[in-house]
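Please work through the exercises below with the sequence and the coordinates at hand, trying each task before reading its solution.

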Amino acid sequence: MIKLLLMFLVTTACANIQSIKGKDEDKTQSTMAASSMSEEKYPVKVVEVFNGKVKYVQVPTSLNDGSYILKCNELLTSKPLKQKIPVEVRDGLAHVYYAESYFSIAKKHKCMLEDEHVLTVMVKQYPYKEERLKVAKSKVKLSKKDQKRVGREWLMTKKVYENSAKTLLIDKPFLKPLNSYITSRYGKKRIFNDMKRSQHLGNDFRAKVGVPIPVSNKGRVAFTGDLFYTGKVVIVDHGLNIFSLYAHLSDIKVKVGQMLERGQIVGLSGMTGRVSGPHLHWGIKMNGHNIDGFSLVEESQKQFVNESVTTH
Ligand SMILES: [Zn+2]
């Protein structure tokens with residue numbers, strides 16, 4: 001009887017050992033499978049970007065074609081801020097236009113695509129120039145009425161920037177609108193009367209009144225109007241939260257909703273809005289940040305590098 005009981009215990013014990021061993025084997029196999037799978041995964045891309053500039057990155061992915069959101073988390077700053085960047089996946093590549101805020105003091109971003117870490121962005125500070133100006137107080141300080149108007153207009157354009165096409169509307173690189181002299185470069189810090197600071201977050205091109213202004217790329221007219229700072233202005237949506245803006249125009253030649261070909265005339269240059277003389281202010285808004293348009297011209301060439309090779 002005792003013998004039988006012992007035998008039973010031994011067998012059950014062995015059975016348990018067997019089964020545990022079996023589980024362990026399964027575990028080892030699944031870990032091996034996971035590690036071989038992770039070896040097949042694409043390595044994390046690492047890129048450097050200056051504050052106020054954009055970087056175009058192609059991220060290899062096994063995701064199906066379509067629109068996705070790249071979630072980037074600022075690291076090494078006191079307040080982590082998540083950025084949601086719309087991206088397009090085509091033929092195993094995610095096309096990412098990563099724009100870094102002019103005001104960014106972040107050092108590093110970790111970007112996730114569908115919960116997978118695919119991109120690390122290292123932020124470098126660009127040495128933007130500084131200019132000191134003496135101006136009349138009334139020019140710096142706005143009246144209550146103007147303050148209200150500026151507030152209303154800010155909300156209006158904010159809504160415009162929140163409704164971008166979910167796919168890229170472009171099929172060629174961006175172009176600068178004019179070949180004329182740049183009278184004020186992007187990013188210049190302006191210190192008025194040693195006190196008030198502002199930044200010029202666009203590029204000013206020399207242009208007398210009446211010069212035809214071509215749109216930088218294919219897109220849809222998202223806004224036209226006459227605003228306090230910009231005067232007569234046209235804002236064009238190029239998809240994936242990329243917008244271009246043409247300000248201080250004397251005449252607007254397009255209508256909201258209209259689809260534009262690259263180079264189509266949006267209006268004539270002028271001196272409407274808050275200006276000291278006629279010129280074209282060319283702005284690029286990407287994912288909520290005012291970005292240096294020249295960096296978009298340069299970076300967008302990388303997306304269409306193969307196309308340009310085949311056409312030549
Ligand atoms: Zn300007």
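The exercises that follow concern a predicted model, and each solution goes step by step.

**Exercise 1. Describe the overall make-up of the protein chain: how many helices and strands are there, and what percentage of the residues count as buried?**

Begin with the secondary structure, where the protein chain has five helices and 21 strands. Next take burial, for which 30% of the 312 residues count as buried. Finally turn to the contacts with a separation of 6 or more, of which 69% are between residues 24 or more positions apart.

**Exercise 2. Work out the strand order of the open sheet of seven strands, and find its edge strands.**

Tracing the pairings across the sheet gives the order β1-β7-β6-β3-β4-β5-β2, and the pairing is mixed. The edge strands, each of which pairs on one side only, are β1 (45–50) and β2 (54–60). From one strand to the next, the twist averages 30°.

**Exercise 3. Follow the register through part of this sheet, from β6 by way of β3, β4 and β5 to β2: which residues stand opposite one another?**

Start with β3 (residues 66–75) and β6 (residues 108–113), which pair in the antiparallel sense over six bridges; Leu75 in β3 has Lys108 of β6 as its bridge partner. On the other pairing to be examined here, β3 is antiparallel to β4 over eight bridges, and Leu70 stands opposite Ile85 in β4.

The next step leads from β4 (residues 82–90) to β5 (residues 93–99), which run antiparallel and are joined by three bridges. Arg90 stands opposite Leu93 in β5, and Glu88 stands opposite His95 in β5. Two residues lie between the strands in this hairpin, where Asp91 takes a positive phi near 50°.

The last step is from β5 to β2, an antiparallel pairing over seven bridges, in which Lys55 stands opposite Tyr98 of β5. Strand β5 has five of its seven residues buried, so it is largely enclosed by the rest of the structure.

**Exercise 4. Determine where helix α4 packs, and why its buried residues lie on the same side of the helix.**

Helix α4 (residues 293–303) packs on the sheet of seven strands, where it touches β2 and β5, and its direction makes about 20° with that of β2. The residues of α4 that are buried are Gly293, Ser295, Leu296, Glu299, Ser300 and Gln303. Because they cover an arc of only 140° around the axis, they are placed on the same side of α4. In general, an α-helix has 3.6 residues a turn, so residues three or four places apart point the same way. As for what covers the buried residues of α4, the cover includes β2 and β5, together with β12 (203–206), β20 (279–286) and β21 (289–291).

**Exercise 5. Check the length of helix α3 against expectation, and count its buried residues.**

Helix α3 (residues 144–161) has 18 residues, which at 1.5 Å a residue should span 26 Å. The C-alpha atoms at its ends are 26 Å apart, so the two values agree. Turning to burial, the count of buried residues among the 18 residues of α3 is zero, and the helix is hardly covered.

**Exercise 6. Compare the settings of Glu114 and Asn241: where does each lie, and is each buried or partly exposed?**

Consider the backbone angles to begin with: Glu114 is not a glycine, although its phi is positive at about 50°, and Asn241, likewise a residue other than glycine, has a positive phi near 65°. Glu114 lies in the loop between β6 and β7 (116–124), while Asn241 lies in the loop between β15 (231–237) and β16 (242–249). Now apply the neighbour count, in which 20 or more other C-beta atoms within 10 Å make a residue buried. Glu114 has 14 C-beta neighbours inside 10 Å and therefore counts as partly exposed, whereas Asn241, with 22 other C-beta atoms within 10 Å, is buried.

**Exercise 7. Give the order of the open sheet of three strands, and identify a residue pair in it.**

The order is β13-β19-β17, with antiparallel pairing, and the edge strands are β13 (212–214) and β17 (251–252), each pairing on one side only. Between β13 and β19 (residues 265–268), which run antiparallel, there are three bridges. Pro214 stands opposite Ile265 in β19.

Notes:
Residues are numbered from 1 along each chain as its sequence is written. This is a predicted model: local features need pLDDT of at least 70, side-chain atom pairs count only at pLDDT 80 or more; totals for chains, interfaces and linings use all residues. Two strands pair if DSSP finds at least two bridges between them. Helices (H or I, at least four residues) and strands (E, at least two) are DSSP runs, numbered from the N terminus. Axes are lines fitted to C-alpha atoms, for helices over the stretch in contact, and angles run from 0 to 180 degrees between N-to-C directions. Two residues are in contact if their C-beta atoms, placed from the backbone, lie within 7 Å. A residue is buried if 20 or more other C-beta atoms lie within 10 Å of its own, exposed if 12 or fewer, and partly exposed in between; C-beta atoms are placed from the backbone. The arc is that of the directions from the helix axis to the C-beta atoms. The expected span of a helix is 1.5 Å times one less than its number of residues.
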